[in-house]
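Hi,

Here is the structure I promised to pass along. Have a look at it first, and then read on for what turned up.

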Amino acid sequence: MNDAPSGDTLTVRDNRTGQEYEIAITDNTIRAGDLSQIKTDDDTPGLATYDPGFTNTASCRSSVTYIDGEKGILEYRGYPIEQLAEQSSFLEVAYLLVNGTLPSKTEYEQWVHDVTYHTFVHENVKSFMQGFRYDGHPMGMLEASVGALSTFYPESANISDPDNRYIQIVRMIAKMPTLGAWAFRHGQGKPYVYPDNDLSYTANFLSMLFKMSEQKYEPDERLVNALDVLLILHADHEQNCSTNAVRSVGSSQVDPYSAVAAGIGALYGPLHGGANEAVLRMLRRIGSKEEIPDFIKGVKDGNERLMGFGHRVYKNYDPRAKIIKKACDDVFEVTGVNPLLEIAQELEKIALEDEYFIKRKLYPNVDFYSGLIYEAFQFPPEMFTVLFAIGRTPGWLAQWLEMVQDKDQKIARPKQIYTGDRGLEFTPASQRWGQ
Ligand SMILES: CC(C)(COP(=O)(O)OP(=O)(O)OC[C@H]1O[C@@H](n2cnc3c(N)ncnc32)[C@H](O)[C@@H]1OP(=O)(O)O)[C@@H](O)C(=O)NCCC(=O)NCCS
């Protein structure tokens, strides 16, 4: 038996050797490194864990976001998402995520001023945006242009300086809507619209997306508020795939633009950011309320999945889905009802009463209604993930900031279980192929 740690412990008996080990339990976890003392002899490596996809591995300690999937709870820095969505604004939530506390009036005004001041991008960004193919995916354009920002701000590599970190965080939150809107306009063959700093963060984003020949673009406040709420709902979600990518790439101590570009790359993938588009395709295919029972039968027979239902973490109603459902009403009041909404609502009702979904704890997730709203704004489906990325930026940055200041963090470098050949004899190509 090894020296017993104090506090809660786990006793492990290695049946290969009969030896017992006592391992400390802290925060309901054990340190993977503590398992490495478990060996059959001094010449073999110690025991490790195998966990592809990190399904049961905590990769960090974090105070940014709390989720209780069983109870359907989501909190940013301790504040319930419902209260933030109803009473806060995206920029205030961004401040909260990045700084850890709500701002005073002066702090908030300074923050809004700083973010607003940095909405413009260097003119050269326009030239390389113009270089993308007319039908390039806007998410690819966003990923590339955010990565490229590191070349405009080489000082961003100095990640140990707090003032420098602050300015890069502000720049990224400020410029993301400009880049996203320009990627959108590029695809439409429309001229890029410069930021209008008289408008709020979200109103300015809408202006850069939709302004045409009018002197000043004045979006409907209900649309501004609904989009602001959607951005808040997407602002962070603890250690998801893209946040893990930001942390993992950032752990090499690269500049934050490169780290966030990696997060955008992860979000681009269909398993992460693409489900709301799949929901729209599904609703269109169902076509009418009368077809729902047939569709549900197909799902229960295992032919397909009910998209927008179920979640790896939430085994209850996704709290974000409830809020989005409410936002639908505001948006449709302005744009007119999306006919797919009726099918979605009926589908939800039937599924929530069905034994198959109840037994498996399958509830609507954030994507079930968000696509319908985005469509009402007249966003093409490929813009959905760009909107997600703009919302997620403060979360990525808050997590990056926490990571670079965390003494426990090391460069991300997982172990592997090697399954290949060993010690083969190399034969030069000239001999293998014959002369
Ligand atoms: C999100 C998702 C990938 C989570 O998957 P998971 O946690 O790995 O859950 P599993 O795939 O193990 O599913 C558990 C059970 O529920 C079923 N299930 C899960 N989601 C389902 C869905 N949307 N429709 C029908 N059945 C579903 C599975 O078939 C499985 O049933 P079984 O036990 O009889 O085999 C999954 O629910 C899904 O594919 N949902 C649809 C896509 C979606 O909306 N994604 C966005 C997430 S924000």
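Tyr76 sits opposite Tyr79, which belongs to strand S5. This is a predicted model, by the way, so please read everything below in that light. The tyrosine pair is part of the contact between S4 (residues 73–76) and S5, two strands that run antiparallel and are joined over two bridges. Add S3 and you have the whole open sheet: three strands, ordered S3-S4-S5, with antiparallel pairing. The edges are taken by S3 (65–68) and S5 (79–80); each has a single partner strand, so one side of each has no neighbour in the sheet.

Now the part you will probably scroll to. The UniProt record, an unreviewed entry, lists His311 and Asp367 under "active site". They are spread over 57 residues of sequence, yet they cluster in space, with a largest C-alpha distance of 10.3 Å.

Taking them in turn, His311 lies in a loop, the one that links helix H13 (292–300) to helix H14 (319–335). Is His311 buried or exposed? It is buried, because 21 other C-beta atoms lie within 10 Å and the cut-off for calling a residue buried is 20 or more. Setting aside residues up to four places away in sequence, His311 touches Asp318 and Asn365.

Asp367 belongs to a helix instead, namely H17 (residues 367–376). Asp367 is buried too, with 25 other C-beta atoms within 10 Å. Its contacts, again leaving out neighbours within four places in sequence, are Ala275, Asn276, Val279 and Gly308.

One more residue for your list is Arg392, in helix H18 (residues 384–404). Arg392 has 27 other C-beta atoms within 10 Å, so it counts as buried. Which residues does Arg392 touch, not counting those up to four places away in sequence? They are His234, Ala235, Ser242 and Leu267. The C-alpha atoms of Arg392 and Ala261 are separated by 12 Å, with the two positions 131 residues apart along the chain.

H18 also comes up when you look at helix H5 (residues 138–152). The cover over the buried residues of H5 includes H18, along with helix H4 (123–130), helix H6 (162–188) and helix H10 (256–268). The buried residues in H5 are Pro138, Met139, Met141, Leu142, Glu143, Ser145, Val146 and Leu149; note that Glu143 is on that list. As for its length, H5 has 15 residues and reaches 21 Å from first C-alpha to last, close to the 21 Å expected at 1.5 Å a residue.

Helix H2 (residues 90–99) is mostly covered as well, with eight of its 10 residues buried. Those are Phe90, Leu91, Val93, Ala94, Tyr95, Leu96, Leu97 and Val98. Right after H2 comes Gly100, which has a positive phi, near 95°.

Last, the overall layout. The domain assignment splits the protein into domain 1 (1–49) and domain 2 (67–404). The C-alpha centres of domain 1 and domain 2 are 42 Å apart.

If you want a place to begin, open the view on His311 and Asp367, the two positions listed in the record, and then move over to Arg392 in H18.

Cheers

Key. Residues are numbered from 1 along each chain as its sequence is written. This is a predicted model: local features need pLDDT of at least 70, side-chain atom pairs count only at pLDDT 80 or more; totals for chains, interfaces and linings use all residues. Two strands pair if DSSP finds at least two bridges between them. Helices (H or I, at least four residues) and strands (E, at least two) are DSSP runs, numbered from the N terminus. UniProt positions are given in the numbering used here, feature names are shortened, and annotations may be inferred rather than shown by experiment. A residue is buried if 20 or more other C-beta atoms lie within 10 Å of its own, exposed if 12 or fewer, and partly exposed in between; C-beta atoms are placed from the backbone. Two residues are in contact if their C-beta atoms, placed from the backbone, lie within 7 Å. Domain bounds come from an automatic or database domain assignment. The expected span of a helix is 1.5 Å times one less than its number of residues.
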